[in-house]
Amino acid sequence: MSLSRSPSPQRGGGWSSPGLTTPYNGSSGRSSPMGNHSNGIANNITWASAQARSAEIKGYPSFSTRNQGFFHRHLRKISSSLPQFNHTDSRSYAEKEKLGRGRWPLLHGTKIEAILTRVGRIIWRMRLRLAIVLGIILLWIGFYVTPLHRMYRRSPWFGGGSKFVIILAANQGGGVMEWKGPREWAIERDSVRNKKKYAKKWGYDLEIVDMSTKKRYAHEWRESWEKVDTLRITMRKYPDAEWFWWLDLNTFIMEPSYSLQSHMFNNLAKNTYRDINHYNPLHIPHPLNDTYLDLESRSPTGDNKTESINFIITQDCGGFNLGSFFAKRSTWTDRLLDIWWDPVGYEQKHMQWEHKEQDALESMYRNQPWIRPHVAFFEQRKANSFPPGACGDRGDDPKIHYQEKDRDFLVNMAGCEWGRDCWGEIYKYRQLSNRLNRNPWEKFKDWISDSIRSARQSRRKEEKKS
């Protein structure tokens, strides 16, 4: 049999196809280049020979088909081994015989088959989009699983974490008496761990200083005044940092998900106020009306430029509070620290200043006009909330005391050593912070454990009743 697809109806083989068997020298008068041959002669052009000659002209051999290279042959083998679905309910005997050869008979003709087929088609159509989404998810996971996110947050060009230094007064020596009990050690451990975790998360530097009193001069112990000198030393230790955040030991960061940039420094003009009359518990006269002062010194808001803010503090019910404050590296700050730490002023007033370095800063703010234009104030709950027991009998003051519903940033257990339980307060807020900042997986585990606990309790109650 010839290579044609079916036997030729012509005697002697060959196909009666126009252009293949019809001579060219018909009515047109043109002679055929192949000669005038009739069907049945050995030189007649058959379908197979025409097909072979066409393949030779186009560059394909007569014994192979097009587009059947190595990858196409293996792809065909793989595709033939995959399960096939038939959407028709009526199947012939031959189709039923094929069910056991590479098909899924249990899913054949069912709704599950139709759903899987439809889902497969949708996935295939959207394969490019799905690949892009999957790549983004993998990059996101890799960014947070690896240290890349810390490097990004610390970089001065992106996150900017290297511009901030946290200074924690640990008082590791135990104060003047050099003694600490178990509660004091527990407070220090929890407070240090809290600051380390926060600084590591956002790429900040953490400087833990020993605030045990040191005899810097032959005539005095300057306990709590050490923070002024420590701030100067830390600025020299971190020459590339811009802002320095001082924190007392009895503080706890409640919301570690708040960065200093987003919470405060990205919009200092909105988050601070310059006019002390906004909240003035000390009743400091402001502005000064002396005729020899320039307009900037007499203005209640200075020059109204954010760049001129070099020192940021909060005020509690008793005045300035230095349990949490910010200092910016600048010539103005160096001048302030030098005057603040001057032993001459200490010798003259330290017996009158009950709150030591805080009273000294209040005195300079009141009497030295050059300080006021560069000092700004945070609302106390912005970075220095008090627990309800602080500030005497003021109760729950929404301007001062911590508000859980508003998720305040930091709690300062100021004055807890005077008639309050420092360890009890810091333990309470530590537990509250852990509960408020649980991730969805931790909340799911808590829900399971709470459900099991409630089921056990109800079962015990029923057993007791029975």
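A polar contact here is a pair of N or O atoms within 3.5 Å, where one must be able to donate a hydrogen and the other to accept it. Serine 308 offers a neat case in this predicted model: its side chain reaches the backbone oxygen of lysine 305 at 2.7 Å. As for where serine 308 sits, the place is the loop between α11 (295-298) and β6 (311-316). Being in a loop doesn't put serine 308 out in the open, though: its relative accessible area is 8%, and because buried means under 20%, serine 308 counts as buried. Leaving aside residues up to four places away in sequence, serine 308 touches Arg274, Asp303, Pro373 and His374.

Two of those partners turn up again at an enclosed space. Searching the whole structure gives 1 cavity of 30 Å³ or more, and the volume of the largest cavity is about 40 Å³. Arg274 and Pro373, both touched by serine 308, are part of the cavity lining. The rest of that lining is made up of His286, Glu296, Ser297, Ser299, Pro300, Thr301, Gly302, Tyr365 and Arg372. Sorted by class, the residues around the cavity are 3 nonpolar, 5 polar and 3 charged.

Now for open space. The second largest pocket holds about 750 Å³. Its lining takes in 22 residues, and Lys197, Lys201, Pro256, Asn437 and Glu442 are the ones nearest the centre. Four helices each give two or more residues to this lining, namely α6 (148-154), α7 (182-202), α16 (422-436) and α17 (440-465). Which element gives the largest share of the lining? That would be α7, with 7 residues. By class, the pocket lining comes out at 10 charged, 7 polar and 5 nonpolar residues.

On to the cysteines. A disulfide is a covalent bond between the sulfur atoms of two cysteines. The count for this model is 2 disulfides, and with bonded cysteines counted along the chain, they follow the pattern 1-2, 3-4.

One of the disulfides joins cysteine 317 to cysteine 391, with the sulfur atoms 2.0 Å apart. This pair links distant parts of the chain, as the two cysteines are 74 residues apart. Cysteine 317 lies in the loop between β6 and β7 (319-328), while cysteine 391 lies in the loop between α15 (380-383) and β9 (410-412). Strand β6 has come up already, since the loop holding serine 308 runs between α11 and β6. The torsion about the S-S bond of cysteine 317 and cysteine 391 is about -105°, so this disulfide is left-handed. Are its two cysteines buried or exposed? Cysteine 317 has a relative accessible area of 28% and is therefore partly exposed, whereas cysteine 391, at 16%, counts as buried.

The other disulfide pairs cysteine 416 with cysteine 422, and here the sulfur atoms are 1.9 Å apart. With 100° about the S-S bond, the link of cysteine 416 and cysteine 422 is right-handed. Cysteine 416 has 0% relative accessibility and so counts as buried. Cysteine 422 is buried too, at 13% relative accessibility. Residue 422 also marks the start of α16 (422-436), one of the elements that give two or more residues to the lining of the second largest pocket.

Definitions and conventions. Residues are numbered from 1 along each chain as its sequence is written. This is a predicted model: local features need pLDDT of at least 70, side-chain atom pairs count only at pLDDT 80 or more; totals for chains, interfaces and linings use all residues. Side-chain values use heavy atoms; hydrogens and water are left out. Buried means under 20% relative accessible area, exposed over 50%, partly exposed in between (1.4 Å probe, protein chains only). Contact means heavy atoms within 4.5 Å. On a 1 Å grid over the protein atoms alone, a cavity is a set of points where a 1.4 Å probe fits but cannot get out, and a pocket is an open set with protein on both sides within 12 Å along at least five of seven lines; lining residues have an atom within 4 Å of a point. Grid points are joined across faces, edges and corners, and a volume is the space filled by probe spheres set on the points. Ala, Val, Leu, Ile, Met, Phe, Trp, Tyr, Cys and Pro count as nonpolar, Asp, Glu, Lys and Arg as charged, and the others, Gly among them, as polar. A disulfide is a pair of cysteine sulfur atoms within 2.5 Å.
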